[in-house]
Structure formats: C-alpha cells, structure tokens
Amino acid sequence: MTIEQSLVTKHPQINQLISQEPIFWQNPDYGQRAELPFSKADIFDAVARWERFAPYLERVFPETASMDGVIESPLIELDQMKAQWNADHRQSLAGKLYLKADNELPISGSIKSRGGIYEVLKFAEEVAMANTDLAYMDDYSILATDQYKQLFAHYGIAVASTGNLALSVGIMAATFGFKTTVYMSHDAKQWKKDKLRANGVTVMEYQTNFSEVVSIARTAAQKDPTIHFIDDEGSTDLFLGYSVAAVRLQEQLKQHHIKVDRTHPVLVYLPAGVGGSPSGVTFGLKTIIGPYIHAVFCEPTHVPSVTLGMMTGLNNKISVYDIGLDGLTAADGLAVGRPSRLAGKVMRTLLFGCATFEDPTIYRYVTQLTDTQGITVEPSAAAGFTAIEPLIGHVPAFNSANATHIVWATGGSMMPESERQVNYAKGKALLENE
Ligand SMILES: *Cc1c(COP(=O)(O)O)cnc(C)c1O
C-alpha cells in the first residue's frame, strides 16, 4: 500500500474500495461551473467530419449502406428486462428502461467504433489534405482508391488496447491501407487477435496490464514520425469522436417521445475502463442535452480506476494498484488500472457519480438480457445494469415514473458463438444457484 493515510481520512470510501465492496460515490462537484477544454463547436466539428466520411464508409463497409454510411446504434426499450429487474429487486423501477445498443455498432461491435474510428478518419483526412488536392466538399469515397491506399501505406497507426479499441482502430486503419500495429494487454481475447490478424493488422501481445502496454506502444511509436499513435490515456480525438453520440441520442430521445427536463430526468449508465469513452459521451450529453441528463460510471470492484481518480482528485496520478487491488476482472473492456489523463479532469463537474460492482453480477445481467429480450452483449457491456439500484437508492427522486434509465451496452455483437455460450452459461449457473 503506497497511499497517504491523510487521503483515506479525507475520502473514507477508499476503505471500501480497498476491501472490494461495491460502492456508490456521489460527485460533490457535480453541476458546478467550470472551464472546459472543449465546446459545442468541437462536437459539431466532429459531426461534420463523420458526415464527410459517410460516402467512404458506405463504400468500404457495405453493412453501413442501410444507414448511408452513418455509424449509429438503436435505442431499445427494455420492457421484459425491466419486469425481470423488478422481480429481482426490493425496490421496483418506476421509470422506463432503455438500452443504447452500441453492442450493435458496425465494424467493431462496440462503443470503440465511435472514438477509435473517428481518430483514424481524422488522421486519414490530414494525410490526404497534406499530400493531395482533396477538398472538404469532395466525395470522400475517392479515398478508397488505389492512389490513396498507396499514399496511406507510407504512414502507420499504432494503438494499445485490452481488445475493442484495437478492433475498431485496427480494422479501420488497415482498410485505409495504413501500416497498422496493435499492442494487446494480457486481458485481450484470442478471437479479437485472430480477427485483427485476418485483417492484415500486426498484433503485438504482452503478458502485462493495459497501463504498461500503453507505455510500451507509445515509446515504440515515438521512434517513427510517420506513425500516428492513438493514445487511449488522453487523446482529444478519441474523446470528441465519442461525444458525437449525444447529438444522435438527442434525436432518438425525441423519436421515442422521451422528455428531458427538471421533472423528467434521464439517467445514463456507462461502463468505464480508462474512462475515455464514457467521458466523451457524457461531455456530449451535458453539452448537447443539458442539466437534466445525468451520467453514472460503472466499474468492477477490482478495478475502480476512474472512481478512485475522481474521488481523490488525483485522476491519472493514482492507480488501483496503489491501494493494493489486483486490477483483475472478467470485464476485459474495463480492465484498466490507471485512468485517462483527460477523463477525470473534464468529468469533475459533469459526472453525477460512480458505482462499483462484483463480476458475477454482470454475468447474471448478460444471461437475463438474452432470456428476456434476445439481446447479447459482452460482460463489460452489461455493467450499466449494476448501477441502477445504487443510484435510485441514493437519489429516490430519480426513481420516478417520469424518469428514463438508459443502460449503455458498450459491446458484444462481434463475439464468436462459442464465447456467447460460455458467458450465457456462467450467468445461468449463477442465477440457478440463487
Ligand atoms: C472500452 C470499453 C469500455 C470502456 O471504455 P473506456 O474508454 O476504456 O473507459 C466499456 N465497455 C466495452 C465493451 C469496451 O470495449
């Protein structure tokens, strides 16, 4: 244990984090005024870039054609899952329950299709603009031609990942023709590595944790000026790519006739690893939708990195290893012991709070979501369900019939059938033993 006793005295919930008890931490700085490093204009700059690339995406990924090259997921009402939730909990959920189904996003089958792909698009645009006569108003499907592929082959993209970021960045970058290298931590699933190799991506494997692998990858990438390193621990481009989700969700809320105002709160539950994707989304939600949409991050009790960083205000200066935790979890997408440099800072006044959960809980929700709604997600992506009870327990006003609860399902549709069956069986066994 390497932390100061005074820190624990000031933030007694650290004791519960140390003993791996599930907690709910309510952010005392929520809603205060603060200078933010980004604005609404930055979100719309990203929106416009996605639009410029839509004709390209439609061409190279035919599965996006039905959406005209827009990469977006549906908002799905979970009636039967809500009934199940109510049967299992002492307190029933008065509001509506929805799933933001990023598990269905094209290309990586995860939320990483937002930030990861966006950062690759931005780099490709920069390279193309610097070397050719590409104009902003051009039809970007021209970027799929051999002339551009040959240009992109002179550049490289590198990224470190526990799995899904590598899938989205790797597939996108290799499609452009960039020399692509992904650095995988010990958490990464074999099928993700196989899929990347099949797409022509160089996969480097390390038997160590994500934070160490990022540093290895960063050092390697810095040696070659033609390589663009995608830094999951602090990239602005990743962050803004994720933020675009809010513009899309605003429209979906309207389509579903979901009101957002003082008496109609919307609660959004987001799983957090390094904290980049949930923070980018939350920044977008607060900027685009306003004060009555509230975000809660969900983390494993063994890896509460963003919770610890925000609670102490130390952000990336503290890791879960500093309080003696092992950083191990079945939620591979959340297996990040040290949070992003950016997330906690931007979230200081924007995040409502954090909840931590024990791993078995997410397997139960994976199985129940399949049984009740026929939807399959990966274990990390079910984490949002774990935070509903602690949130309404702390803030009874949020358990109103006028409230809407949105669980952000962050990944899963690319999982091989064998993986689905193993996850489902684990949840089933847990449910049957209750
Ligand atoms: C990456 C990921 C997360 C968390 O995103 P961070 O940016 O690491 O906080 C959550 N769920 C899944 C499935 C992921 O792949």
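This briefing covers a ligand and the protein residues around it. The model is predicted. The ligand sits in the largest cavity. A shell of 16 residues surrounds the ligand.

**The shell**
- Five residues come nearest to the ligand: Lys-112, Asn-164, Gly-273, Gly-275 and Thr-410.
- By type, the shell holds 5 nonpolar, 9 polar and 2 charged residues.
- Helix H12, which spans residues 276-288, gives the largest share of the shell, with 3 residues.

**Polar contacts and cover**
- The side chain of Asn-164 has an N or O atom 2.7 Å from an oxygen atom of the ligand.
- Ser-277 uses its backbone: an N or O atom there is 2.7 Å from an oxygen atom of the ligand.
- With Thr-410, the ligand atom is a nitrogen, and an N or O atom of the Thr-410 side chain lies 2.7 Å from that nitrogen.
- On its own, the ligand has 380 Å² of accessible area, and the protein covers 98% of that area.

**The annotated domain**
- UniProt lists residues 69-388 as "domain: Tryptophan synthase beta chain-like PALP", in an unreviewed entry.
- Across residues 69-388, the chain is 42% helix and 15% strand.
- The C-alpha atoms at the two ends of residues 69-388 are 34 Å apart.

Key. Residues numbered from 1 in each chain as written. Predicted model: local features only at pLDDT ≥ 70, side-chain atom pairs only at ≥ 80, totals over all residues. Heavy atoms only, no water. Near = heavy atom within 4 Å. Polar contact = N/O pair within 3.5 Å; in protein donor to acceptor, adjacent residues only side chain to side chain. Areas by Shrake-Rupley, 256 points an atom, 1.4 Å probe, with all protein chains shown as cover. 1 Å grid on protein atoms, 1.4 Å probe; cavity = no way out; pocket = protein on both sides within 12 Å on 5 of 7 lines; lining within 4 Å. Sits in = over half its atoms within 2 Å of the grid points. Helix = DSSP H or I, 4+ residues; strand = E, 2+ residues; numbered from the N terminus. Nonpolar A, V, L, I, M, F, W, Y, C, P; charged D, E, K, R; others polar. UniProt positions renumbered as here; feature names shortened; annotations may be inferred.
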